Number of protein chains: 4
Amino acid sequence: MEQRNHKALIQTLLDCALACEYCASSCLEEGHVKMMVKCIKLDRDCADLCVQAARLLQRDSVIAHQYLLLCEEVCRLCAEECVKHHHEHCQACAKACRTCADACHKNHEPIYQD
Amino acid sequence: MEQRNHKALIQTLLDCALACEYCASSCLEEGHVKMMVKCIKLDRDCADLCVQAARLLQRDSVIAHQYLLLCEEVCRLCAEECVKHHHEHCQACAKACRTCADACHKNHEPIYQD
Amino acid sequence: MEQRNHKALIQTLLDCALACEYCASSCLEEGHVKMMVKCIKLDRDCADLCVQAARLLQRDSVIAHQYLLLCEEVCRLCAEECVKHHHEHCQACAKACRTCADACHKNHEPIYQD
Amino acid sequence: MEQRNHKALIQTLLDCALACEYCASSCLEEGHVKMMVKCIKLDRDCADLCVQAARLLQRDSVIAHQYLLLCEEVCRLCAEECVKHHHEHCQACAKACRTCADACHKNHEPIYQD
């Protein structure tokens with residue numbers, strides 16, 4: 001088995017997951033938590049999917065590249081929400097999510113839908 | 001927030017994940033491990049995705065129903081492989097995967113693909 | 001490989017994880033989110049650890065029973081916080097966490113600490 | 001909320017998880033899979049725990065530092081097994097696990113055991 005050539009993509013996914021984890025816990029510490037609810041929810045989903053995508057790629061799973069399609073979708077949703085908030089952790093998370101969405105887009109495969 | 005009406009679906013996903021975990025570790029104990037490699041790999045992916053799907057549904061995630069599309073795909077792949085092997089754990093896993101794939105199919109939403 | 005005899009314990013762990021997932025997302029919908037921050041954080045940790053514990057037991061991992069010690073700890077912390085809040089989801093979660101902590105206590109093994 | 005000062009530790013945990021994922025899937029491709037069974041099992045547990053530890057640290061969880069105690073234990077077990085095998089992926093994994101075990105050791109907190 002040859003070393004995977006997805007090293008950069010995997011690190012991008014993990015960096016995005018860490019940005020989301022940090023954003024979610026930081027949002028919970030903000031004064032106006034109520035305004036951050038959608039952000040917290042998307043952060044959590046996005047962190048979960050990015051970590052899972054990284055692990056599927058690293059283990060050379062047959063569904064890894066299809067998984068990236070869904071991962072791209074949640075990264076875009078999370079970026080769109082985070083960018084609305086001025087907090088540094090939200091802006092950093094929005095940036096990480098956009099970068100990750102683009103990386104997923106370049107590598108995903110279609111999913112059969114009937 | 002109203003109680004989720006996906007209780008049965010969530011339990012089906014978790015039962016499938018447990019069948020896959022058990023099948024994977026049991027396959028590793030079989031005499032002819034070499035023949036079980038594809039089964040072990042799919043079991044692992046399927047367990048990961050089914051657990052994640054259950055958690056997304058339980059937390060009412062916006063991407064939960066799109067996730068089920070991918071979950072259905074990996075359940076079908078895992079069922080197709082498991083059913084080839086006579087071991088009791090493989091046959092039980094194939095059955096759990098088929099049941100879960102059908103449940104996912106009834107509840108999934110399309111994913112936008114460009 | 002014989003069928004695991006931890007079926008009830010595993011289901012208790014998964015039920016606790018689902019109660020935590022539901023409590024966390026419901027807390028985010030409450031009017032006074034600010035008061036629920038500690039609850040949301042513990043719910044999330046508790047859900048993660050209970051799911052992981054269930055999977056380790058189901059795959060007969062050598063560290064499964066040590067893991068239960070940590071799982072018990074987080075279940076107790078989560079129960080202590082949840083019980084303070086009158087919301088139905090918090091009370092249900094507190095109950096699930098206490099049940100799970102007790103089940104973990106009966107089955108855990110010591111961890112070597114130097 | 002201040003930026004976490006655990007950046008290096010978190011990356012060490014993620015690097016270890018990736019080494020374990022790669023080692024597990026590579027072991028499954030080896031001619032003598034039967035000899036690699038213990039390695040595959042520990043790789044899987046170790047990957048799961050290291051990813052979880054990284055996420056708990058990143059979200060500043062109250063149980064993150066206790067979790068590192070268990071993480072250290074599984075990293076040591078995985079390193080001890082991997083080092084026995086001459087495959088490059090096993091040697092690389094053994095090294096990553098030892099590095100991670102040492103990092104966990106420096107940062108863990110005791111777990112109350114009664």
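## Exercises on a four-chain interface model

Between chain D and chain A, nine residue pairs are in polar contact, both residues being at pLDDT 80 or more. The model is a predicted one, and the exercises below work through its interfaces, its core and its cysteines.

### Exercise 1: the D–A interface

Describe the contact between chain D and chain A: how many residues take part, what area is buried, and how many salt bridges are there?

*Solution.*

- Step 1. Start with the residues: 21 of chain D are in contact with 21 of chain A.
- Step 2. Turn to area. About 1900 Å² is buried between chain D and chain A, and carbon and sulfur atoms give 55% of this.
- Step 3. Add the charged pairs. Chain D and chain A share six salt bridges. One to look up in the viewer is Arg59(D) with Glu21(A), where the closest N and O atoms are 3.0 Å apart.

### Exercise 2: how D and A are related

Find which rotation and shift lay chain D on chain A, and name the kind of axis.

*Solution.*

- Step 1. A turn of 180° with a shift of 0.0 Å along the axis lays chain D on chain A, at an RMSD of 0.0 Å.
- Step 2. The two copies are therefore related as by a two-fold rotation axis.
- Step 3. Now check the surfaces. Of the interface residues of chain D, 100% are also interface residues in chain A, so the copies meet through the same surface.

### Exercise 3: the A–B interface

Repeat the analysis for chain A and chain B, and say which three residues of chain A supply the most buried area.

*Solution.*

- Step 1. Here 28 residues of chain A contact 28 residues of chain B.
- Step 2. The two chains bury about 2400 Å² between them, with 57% of it on carbon and sulfur atoms. On the chain A side, Arg59(A), Leu70(A) and Gln113(A) supply 24% of the area buried against chain B, more than any other three residues.
- Step 3. Four salt bridges are counted between chain A and chain B. Arg59(A) appears here as well, forming a salt bridge with Asp45(B) whose closest N and O atoms are 2.9 Å apart. Nine residue pairs are in polar contact across chain A and chain B, both residues at pLDDT 80 or more.
- Step 4. For the symmetry, a rotation of 180° with 0.0 Å of shift along its axis superposes chain A on chain B, with RMSD 0.0 Å. Since 100% of the interface residues of chain A are also interface residues in chain B, the copies meet through the same surface.

### Exercise 4: core and cysteines

Locate the residues with the most contacts inside the largest nonpolar core, then explain why Cys71(D) is not bonded to Cys50(D).

*Solution.*

- Step 1. The largest nonpolar core has 196 residues, and Leu13(A), Leu13(B), Leu13(C) and Leu13(D) have the most contacts inside it.
- Step 2. Follow one of them. Leaving out residues up to four places away in sequence, Leu13(D) touches residues including Leu57(D), Leu68(D), Cys50(D) and Cys71(D).
- Step 3. Take that last pair. The closest cysteine sulfur to that of Cys71(D) lies in Cys50(D) at 3.8 Å, too far for a bond, because a disulfide needs sulfur atoms within 2.5 Å. Cys71(D) is buried, at a relative accessible area of 0%.
- Step 4. Widen the view: the structure holds zero disulfides over all chains. Cys78(A), for one, is in no disulfide, its nearest cysteine sulfur being that of Cys97(A), 3.9 Å away. Cys78(A) also counts as buried, with 0% relative accessibility.

Note on methods
Residues numbered from 1 in each chain as written. Chains lettered and ligands numbered in written order. Predicted model: local features only at pLDDT ≥ 70, side-chain atom pairs only at ≥ 80, totals over all residues. Heavy atoms only, no water. Buried < 20%, exposed > 50% of the residue type's maximum accessible area, 1.4 Å probe, protein only. Core = buried A, V, L, I, M, F, W, Y, C linked by side-chain atoms within 4.5 Å. Contact = heavy atoms within 4.5 Å. Least-squares fit on C-alpha atoms with pLDDT ≥ 70 in both. Buried area = accessible area lost by both parts, 1.4 Å probe. Salt bridge = Lys/Arg side-chain N within 4 Å of Asp/Glu carboxyl O. Polar contact = N/O pair within 3.5 Å; in protein donor to acceptor, adjacent residues only side chain to side chain.
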